[in-house]
Structures are given as structure tokens and as C-alpha cells.
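Here's a quick tour for anyone opening this model for the first time. Have a look at the sequence and the fold, then read on.

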Amino acid sequence: KGEMGLPGRVHAVMPRQMEFSRLNLNFTVLSKRKLLQLVESGLVAGWDDPRMPTLSGVRRRGYPAAAIRLFCERVGISKVDSNIDYSLLEDCVREVLDAEAPRAFAVVRPLKIVITNWPEGMVEEFQVPRHPKRPELGTRTVPFTGSVYIDRSDFELEPPKKYFRLAPDRPVRLKFAYVIHCHEHILDDTGEVVELRCTYDIHTRSGATPEGMKKVKGIIQWVSCEAGIPAEMRVYDRLFVAPAPGADHEDKDFMRDVNPESLTVEQGVVEPELAAAKVGDRFQFERVGYFAPDTDSTQGKLVFNRVVTLRDTWAK
């Protein structure tokens, strides 16, 4: 007989208790007590707020299950307390979505361009790939018209050196379409640019560069004004500005480190193919980030959440 008077074969299978350290993720809080404070204070919209580190929150934001599993595999388990960098979770999301998410054109902060030499009423359609590395996903049709939207960040009246987007007398290529030149800009009463007047070069269709013409370096996304669909863009960021919320304050109040820019809402425009987007779909808005339809989205009012940026914008 073994210890405690039990037969040896019974003693050999007696259970053992093994304890492992908890998962600590920086730039957020995982304590249920602190999460409850966020909900009850109204700083977030609920337990499924896309900024919350809850399964319902990250699911609503658009994190794929495969990314969560990949994150768990890379983190592993340990008996020693450690803090996991939030960027590791975001990298896992990017890795999965880069391989899976179809591409689409979207403009978060629209600026209208009128192409003055475009034939009135003409619509040209471009067949472009849904994914550059997955031809099995096929192509999509993107209509091009005499007025298009670009993002406000892609135009500067007084551009700095090595600026490769649109500016007066600095041409840019509209991706898959034409090279355009800006000749005039219109300001509102506050001095903000509200419209651009441009011309297009018919010989530059779909990436072509005519002989003798200098190759244009800048390439930007666009959406047809006539065919584009309005969409609410909920641009989410990290919920806290400090890696260890509250740690640098004497009172340890983590609420003082809430990121005031963790959510900004913009009224954007998306290409017509996204009219049928539904919850569970995920897209890479080219040059913008990865986005997914929110549960508030309907056919009459599209709402997209930013899942994650294309690159780590918090890296120092």
C-alpha cells in the first residue's frame, strides 16, 4: 500500500493542483470590477462595446476567432507574472485579416473632386481584384465618374517635401484609374478646402505611363460621388493611453488614463459593392485599415467599425 493507506495504483492517479499566472495585457484592464466601473460610468456603451476586452466586445469590433486562437498560441502559459504587449494581439488580428479580408475602397473623411475634362454623364467601370493574393475570390466592379471623393488627408495646399499625395501642381494616381492634376481649390467661409477641380490624363488608364511622362509616385484610393454609399465610420483605438492604467497616479485611478480619442465617428463613403455587407464580414479598406460592419448596421444605414489599423501606430 502507498501513502494514506491507499493501494499504489490508486495513489498514482490522485489529482495535482497546478496554478498559472493570469493574463495581463497592457493598455487595458481585465479586472471585472474595473470593467464594471467603465460600464456603469458610461465611458463605454456596455459590455459589448468594441473597446472592451470582453469576448462580446472584440467579436462586435470584428476580431476573427482565428486571431484570438493565434494570440493564445503565441502567448502560451506561464507560472510567472508578465505583461503582454497589446500590439501582439493587434498583430495577430492583422495577420489573419491580411490573408482573409477582401479589399475595398472607402473614404473616411470625404473631399470632393470634380474632374473638369471628364465627358458629362460618362461612367467607366474597372474590374479589380477582391484580394491581391487570392485570385479565387474573383474581381469586383468599381465605377468611375466625373466626380469622386478622396480622403481629406490625401490633399495639402502647402505640401511638405517628399509629399506624394495630391497638391496643387502635384499629380497623383487614383488607384486602378487615372492620373489627375489639381488646378483649383474651393474654400468655405472658415477657410477649409471643400472641393477640388482637377483634370485627368486619358493616357494613364490602369497604371499606364505615357512615353516621356514622369512616373507618378503617389497612389490614393477614391470612391465615385454618384455611385458611392454613405457609411458611418466608427474609428476605434486603444481604450487607455498608458500601458498600465492608473499605475502612475498616487490614487491609482485607472479612469484618469482613459483615451479621449478611443472612438471618433466620421461620415464616410464606401464603394457600391459594400451595400450588401453584413455582420461577420470583414474588409481591408485600402490604405485605411481593417473594418467590419457593426451590429447597428442596416441596409439603409451602413455602420463600420475599425477593427485594427494597417500598421502599429503606437510603436515608438
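What follows goes through the strands, a helix, the cores, the aromatic rings and the salt bridges.

## Before you start

This is a predicted model, so a bit of bookkeeping: local features need pLDDT of at least 70, side-chain atom pairs count only at pLDDT 80 or more, and totals for chains, interfaces and linings use all residues. Residues are numbered from 1 along each chain as its sequence is written, and side-chain values use heavy atoms, with hydrogens and water left out.

Helices (H or I, at least four residues) and strands (E, at least two) are DSSP runs, numbered from the N terminus. Buried means under 20% relative accessible area, exposed means over 50%, and partly exposed is in between (1.4 Å probe, protein chains only).

## A strand with both sides covered

Let's begin with strand S17 (289–293). In S17, 5 of the 5 residues are buried, so the strand is largely enclosed by the rest of the structure. Gly289, Phe291 and Pro293 are buried on one side, and Tyr290 and Ala292 are buried on the other.

S17 also has strand partners (two strands pair if DSSP finds at least two bridges between them). Strand S16 (residues 283–285) pairs with S17 in the antiparallel sense, over 3 bridges, and Gln284 has Tyr290 as its bridge partner in S17. These two strands make a hairpin with 3 residues between them, and Arg287 in the turn has a positive phi of about 70°. S17 and S18 are antiparallel too, with 4 bridges; here Tyr290 has Val308 as its bridge partner in S18.

## Helix H5 and its cover

Helix H5 covers residues 86–100. With 15 residues, H5 reaches 22 Å from first C-alpha to last, close to the 21 Å expected at 1.5 Å a residue (the expected span is 1.5 Å times one less than the number of residues).

Which residues of H5 are buried? They are Tyr86, Ser87, Leu89, Glu90, Cys92, Val93, Arg94, Val96 and Leu97. The cover over them includes strand S1 (24–25), H4, strand S2 (83–84), strand S3 (103–104), S17 and S18. As background, an α-helix has 3.6 residues a turn, so residues three or four places apart point the same way.

## Two nonpolar cores

A nonpolar core is a set of buried Ala, Val, Leu, Ile, Met, Phe, Trp, Tyr and Cys residues joined through side-chain atoms within 4.5 Å. The largest one has 28 residues, and Ile113, Phe144, Ile150, Leu166, Leu174, Leu196 and Trp222 touch the most other members. Elements giving two or more residues to this core include strand S5 (110–115), strand S7 (139–144) and strand S11 (193–201). S11 gives the most, with 4 residues.

What does Leu196 touch, not counting residues up to four places away in sequence? Its contacts (heavy atoms within 4.5 Å) include Leu111, Ile113, Val114, Ile150, Phe155, Leu166 and Cys182. Another core, of 19 residues, lies apart from the largest core, with Leu25, Leu89, Cys92 and Ala292 among its members.

## Aromatic rings

There are 14 aromatic pairs in the structure. Rings of Phe, Tyr and Trp (its six-membered ring) pair if their centres lie within 6.5 Å; planes under 30 degrees apart count as stacked, over 60 as edge-to-face and the rest as tilted. One pair is Phe285 with Phe291, stacked at 4.6 Å centre to centre with 15° between the planes. Phe285 and Phe291 are both buried.

Elsewhere, Phe105, Trp118, Phe126, Phe144, Phe176, Tyr178, Tyr200 and Trp222 form one aromatic cluster.

## Salt bridges

The structure holds 25 salt bridges (a side-chain nitrogen of Lys or Arg within 4 Å of a carboxyl oxygen of Asp or Glu). One of them joins Arg74 and Glu95, with the closest N and O atoms 2.8 Å apart. Arg74 sits in helix H4 (residues 65–75) and Glu95 in H5, so this pair ties together parts that are 21 residues apart in sequence. Arg74 is partly exposed at 42% relative accessible area, and Glu95 is partly exposed at 43%.

Asp294 and Arg234 form another salt bridge, at 3.2 Å from N to O. This pair links distant parts of the chain, 60 residues apart. Asp294 is buried, at 0%, and Arg234 is buried, at 13%. Both belong to a salt-bridge network with Asp48, Arg60, Glu232, Asp296 and Lys301.
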